[in-house]
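Biologist: I'd like to learn how to read a model like this, feature by feature. Could you walk me through one?

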Amino acid sequence: MHKNRCIAAAMSVLMMASSACLSSASAADEKHTVKFVDFDGKTMTTISVAADEKIDYDSVDTSSLNKHIDKYTERDFAAWDMTPAYTDKDITIHALSKTAFISIDGIPAVTKYFSRSGRVDLYGFKAAITVTTQTPQKDANGNYITESNTVDITSSCTATPSNLREAFYTSDQAQIDIVPMGDDKPLYSYVIYCYDFLGDVNDNGAVDSVDASAVLTSYAENAASASYTSDENFNKRADVNMDGLVDARDASLILKYYALASVNGKADWNDILSQT
């Protein structure tokens, strides 16, 4: 009788142990859904993992999240809002974004050049890049809190072409592209103009008193006769202050240029015109 009770007790223990093992195995085999969603909450991919199985984040392709929103704005994947190694329940993991915005805070001040030598002057141009990154923390409205960082990139930008001789090789005007270092897409483009012909109204390669005298003569004849017209090329060269008129003021400025060049060996229309 005693022996039978011992056997029954042993069988009961074995059955309980077997049941526990089956329960444990069942729990280990149970699959949980891990859903990955993009910045807008749309499903990117869904994977199933067991409780003791690591979540494979490398299996999720985030390259599609990179997007050029416009010329100055690019958005890309930054991180996941949570990265648990394992899960014992169904979970949704959200992609967090980082957005880079380039701002043009100043444009080049110099667009008129009076020589075909030298370099393109980018004085006045300013650019910065601001990167805004979503963090896993949320505000009271349930939106992800962002952090921003701004870096001045002005010094890393160059002009293309950067040489005036190259820019004005075939024309008196040229488009200049300002490009950040390591990139081939211009941040800003503008047109520059060459006025190396100013004052040389007889087109002999020199600016002197003969040119000033020709401007005064044209001005006098124009004042004396309503039917008088001067050559377009002459007017372009004679209107040194670029006010649309050829008059005594232009003749005076040409004489000033000639006098400075005679004394100093050179003269600069930039300096002369800045004083008018």
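Modeller: Let's go from the whole chain to a sheet, some backbone oddities and then a pocket.

Modeller: Keep in mind that this is a predicted model.

Biologist: Fine. How many helices and strands does the protein chain have?

Modeller: The protein chain has six helices and eleven strands. Of its 276 residues, 29% count as buried. The accessible surface is about 17100 Å², and carbon and sulfur atoms account for 51% of that.

Biologist: What share of the contacts with a separation of 6 or more comes from residues 24 or more positions apart?

Modeller: That share is 49% in the protein chain.

Biologist: On to sheets. In what order do the strands of the open four-stranded sheet run?

Modeller: Read across the sheet, from neighbour to neighbour. Here the order is β6-β11-β10-β9, with mixed pairing. The edges are β6 (112–113) and β9; each has a single partner strand, so one side of each has no neighbour in the sheet.

Biologist: Where does the mixed pairing come from, strand by strand?

Modeller: Take the pairs one at a time. β6 and β11 run parallel and are joined by two bridges, with Y113 opposite C194 in β11. β10 (residues 173–180) and β11 (residues 188–194) are antiparallel, over six bridges; one of the partnerships is A174 with I192 in β11. β9 (residues 157–160) also pairs with β10 in the antiparallel sense, over four bridges, and C157 has P180 in β10 as its bridge partner.

Biologist: Which side chains of β9 are buried, and which are not?

Modeller: Follow the alternation along the strand. C157 and A159 point to one face and are buried, while T158 and T160 point to the other face and are not.

Biologist: What about the loop between β10 and β11: which residue should I look at there?

Modeller: Try M181, which is in that loop. M181 counts as exposed because its relative accessibility is 68%, and the cut-off for exposed is over 50%. For a look at sequence against space, pair M181 with I153: they are 28 residues apart in sequence, and their C-alpha atoms are 9.1 Å apart.

Biologist: Now the backbone. What should I expect of phi and of peptide bonds in general?

Modeller: Most residues other than glycine have a negative phi, and most peptide bonds are trans. That gives you a background for picking out exceptions.

Biologist: Which peptide bond is cis here?

Modeller: The bond from T160 to P161 is cis, with omega near -5 degrees. P161 sits in the loop between β9 and α2 (164–167).

Biologist: And which residues other than glycine have a positive phi?

Modeller: D203 is one of them, with phi near 55 degrees. D203 belongs to the loop between β11 and α3 (209–224), and its relative accessible area of 49% makes it partly exposed. M242 is another case, again with phi near 55 degrees. M242 lies in the loop between α4 (232–238) and α5 (248–264), and is partly exposed at 27%.

Biologist: Let's finish with the largest pocket. How much space lies in it, and how many residues line it?

Modeller: With a pocket, I'd take volume, then lining, then chemistry. The space in the largest pocket is about 480 Å³. Its lining has 21 residues, and H68, E74, I102, I129 and D183 lie nearest the centre. By class, the lining has nine nonpolar, five polar and seven charged residues.

Biologist: Which strands supply at least two residues each to that lining?

Modeller: They are β3 (67–70), β4 (73–80), β5 (91–106) and β7 (126–138). β5 gives the most, with four residues.

Biologist: How do β3, β4 and β5 connect to one another?

Modeller: Check the pairings again. β3 and β4 run antiparallel, joined by three bridges, and a hairpin of two residues links them. β4 then pairs with β5, also antiparallel, over seven bridges. Two of the residues nearest the pocket's centre, H68 and E74, stand opposite each other, E74 being in β4. E74 also stands opposite A100 in β5.

Conventions
Residues numbered from 1 in each chain as written. Predicted model: local features only at pLDDT ≥ 70, side-chain atom pairs only at ≥ 80, totals over all residues. Heavy atoms only, no water. 1 Å grid on protein atoms, 1.4 Å probe; cavity = no way out; pocket = protein on both sides within 12 Å on 5 of 7 lines; lining within 4 Å. Points joined across faces, edges and corners; volume = space filled by probe spheres on them. Nonpolar A, V, L, I, M, F, W, Y, C, P; charged D, E, K, R; others polar. Pairing = 2+ DSSP bridges. Buried < 20%, exposed > 50% of the residue type's maximum accessible area, 1.4 Å probe, protein only. Contact = heavy atoms within 4.5 Å. Areas by Shrake-Rupley, 256 points an atom, 1.4 Å probe, with all protein chains shown as cover.
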